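The exercises below are to be worked with the sequence and the coordinates at hand. Each task is followed by a solution in steps.

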Amino acid sequence: MEPAARKQKILSAIVESFIHSGEPVGSKALIGEAGLKVSSATVRNDMAELTEQGYIVQPHTSAGRIPTELGYRYYVDNVMKVTPVTERGREYIRDALSKNADSPESILRSASDILSRLTDYIALATTPCGESARVRKISFVPTGAHSAMAVVIASNGIIKTKLFRCEFLITPEILQVFAKAFNEEFAGIPLGSVTRPFIQTAAAGFGELSLFMTAPLMAMKEACELAARVSVCHSGFGRLMNVTDADLLRTRRVWDFLQNEHDLSAMLERLPQNPSVTIGTENSRTELNKSAVASARYQIKGNPAGVLAVVGPMRMDYARVMSILGCVAECAGEFISELIEI
């Protein structure tokens, strides 16, 4: 075996052993694990070179070696082989998703739950971006004598509601009039276009009816704003210690960041379009500089949409996580696409 190939095999064995055991790997153990037919001295020399090159490090004197961030990066890019989820595993995932498939958000909540349960890490999912979505339908539901709820259904399947109150008595007939007028005026309009100036202009076209429409118009506008906003579904926060290797200060920082939906959604939306792994300092947030983020985008009708991601330690089982992540993203996208066609 050529020296370069042998060192790659040694690095791969160190990464995989450390991922599964969490213990530094010594030269004697490597000979058996990597199936090398060379002496311990040769292995030690190769390990010394890998250390000098920055791929592995010796955490303590006389201890074995563990991978560095660079070592993990090399392994993911050049060695890792992702095996597709078995048909039985795919059926399990589809069955779990189908139990809550009444809206994109419920599908994505289920997807994050499944990911966290199968990987034992924190899982995140972003709703479809609403930038290109349009108003599909508007309806109204009575909630009281003087109150009702505006329901906006967007073209990307997102459903948002907003309560409003009127001084006059709200009847089913009045709500039917509102629904007819609103759908004629707003159906097909981009969500981002439903601004205060826009609805003020539209209200003028309703004539005398506009005197009764201030509250429902504002409720519809706010529901459209909510539908256009990317939100994050998350699961597995109780597994946070598995993400940070029990460093309490780092755990607190990661916790605080994951609770900040604005910054979290911004980070997730910046992740690559293709399935990817960002490791340690490659992450755009310093809170995750000792963690790894595996991500994949689900597709809606063949177009990349939101993001599914798993946040774990740098010694996560990358091949297994990416396999599960890819299957869940594919299945979630299929369910959301079917829902939108209804």
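**Exercise 1: Helix H7**

In H7, the buried residues are Leu175, Phe178, Ala179, Ala181, Phe182 and Phe186. The model is a predicted one.

Task: Find which elements the buried residues of H7 pack against, and compare the span of H7 with the expected value.

Solution.
1. The packing partners of these buried residues are E4, strand E5 (147–154), strand E6 (159–165), helix H8 (196–204) and helix H9 (214–228).
2. H7 has 15 residues and should span 21 Å at 1.5 Å a residue. Its end C-alpha atoms are 21 Å apart, which agrees.
3. Just after H7, glycine 188 has a positive phi of about 90°.

**Exercise 2: An aromatic pair**

Task: Classify the ring pair of phenylalanine 140 and phenylalanine 182, and state where in the chain the two residues lie.

Solution.
1. The ring centres are 5.3 Å apart, and the cut-off for a pair is 6.5 Å.
2. The planes stand at 80°. Angles over 60 degrees count as edge-to-face, so the pair is edge-to-face.
3. Phenylalanine 140 belongs to strand E4 (residues 135–142) and phenylalanine 182 to helix H7 (residues 172–186). The pair links distant parts of the chain, 42 residues apart.
4. Phenylalanine 140 is buried at a relative accessible area of 11%, and phenylalanine 182 is buried at 0%.
5. Both rings belong to a cluster linked by ring pairs, made up of Phe140, Phe164, Phe178, Phe182, Phe186, Phe198 and Phe206. The count of aromatic pairs comes to 11.

**Exercise 3: The two faces of H11**

Task: Determine how the buried residues of helix H11 (residues 248–259) are placed around its axis.

Solution.
1. The buried residues in H11 are Thr251, Val254, Phe257 and Leu258.
2. These residues cover an arc of only 130° around the axis, which puts them on the same side of H11.
3. The spacing fits a general rule: an α-helix has 3.6 residues a turn, so residues three or four places apart point the same way.
4. The face turned away from the buried side of H11 carries the exposed residues Leu248, Leu249 and Arg252.
5. H11 has 12 residues and reaches 16 Å from its first C-alpha to its last, close to the 16 Å expected.

**Exercise 4: Salt bridges across the sequence**

Task: For the salt bridge of glutamate 105 with lysine 160, that of aspartate 120 with arginine 239 and that of lysine 162 with glutamate 222, give the N to O distance, the location and the burial.

Solution.
1. In the pair of glutamate 105 and lysine 160, the closest N and O atoms are 2.8 Å apart. Glutamate 105 lies in helix H6 (residues 104–119) and lysine 160 in strand E6, so the pair ties together parts 55 residues apart in sequence. Both residues, glutamate 105 and lysine 160, are buried.
2. Aspartate 120 and arginine 239 meet at 2.7 Å, N to O. Aspartate 120 is in the loop between H6 and strand E3 (122–126), and arginine 239 in the loop between strand E7 (232–235) and helix H10 (240–244), 119 residues apart. Aspartate 120 is partly exposed at 38%, as is arginine 239 at 26%.
3. Lysine 162 and glutamate 222 meet at 3.5 Å, N to O. Lysine 162 is in strand E6 and glutamate 222 in helix H9, 60 residues apart. Lysine 162 is partly exposed at 31%, and glutamate 222 is partly exposed at 29%.
4. The count of salt bridges comes to 15.

Terms used:
Residues numbered from 1 in each chain as written. Predicted model: local features only at pLDDT ≥ 70, side-chain atom pairs only at ≥ 80, totals over all residues. Heavy atoms only, no water. Phe/Tyr/Trp six-rings, centres within 6.5 Å; stacked < 30°, edge-to-face > 60°. Helix = DSSP H or I, 4+ residues; strand = E, 2+ residues; numbered from the N terminus. Buried < 20%, exposed > 50% of the residue type's maximum accessible area, 1.4 Å probe, protein only. Expected span 1.5 Å × (residues − 1). Contact = heavy atoms within 4.5 Å. Arc of directions from axis to C-beta. Salt bridge = Lys/Arg side-chain N within 4 Å of Asp/Glu carboxyl O.
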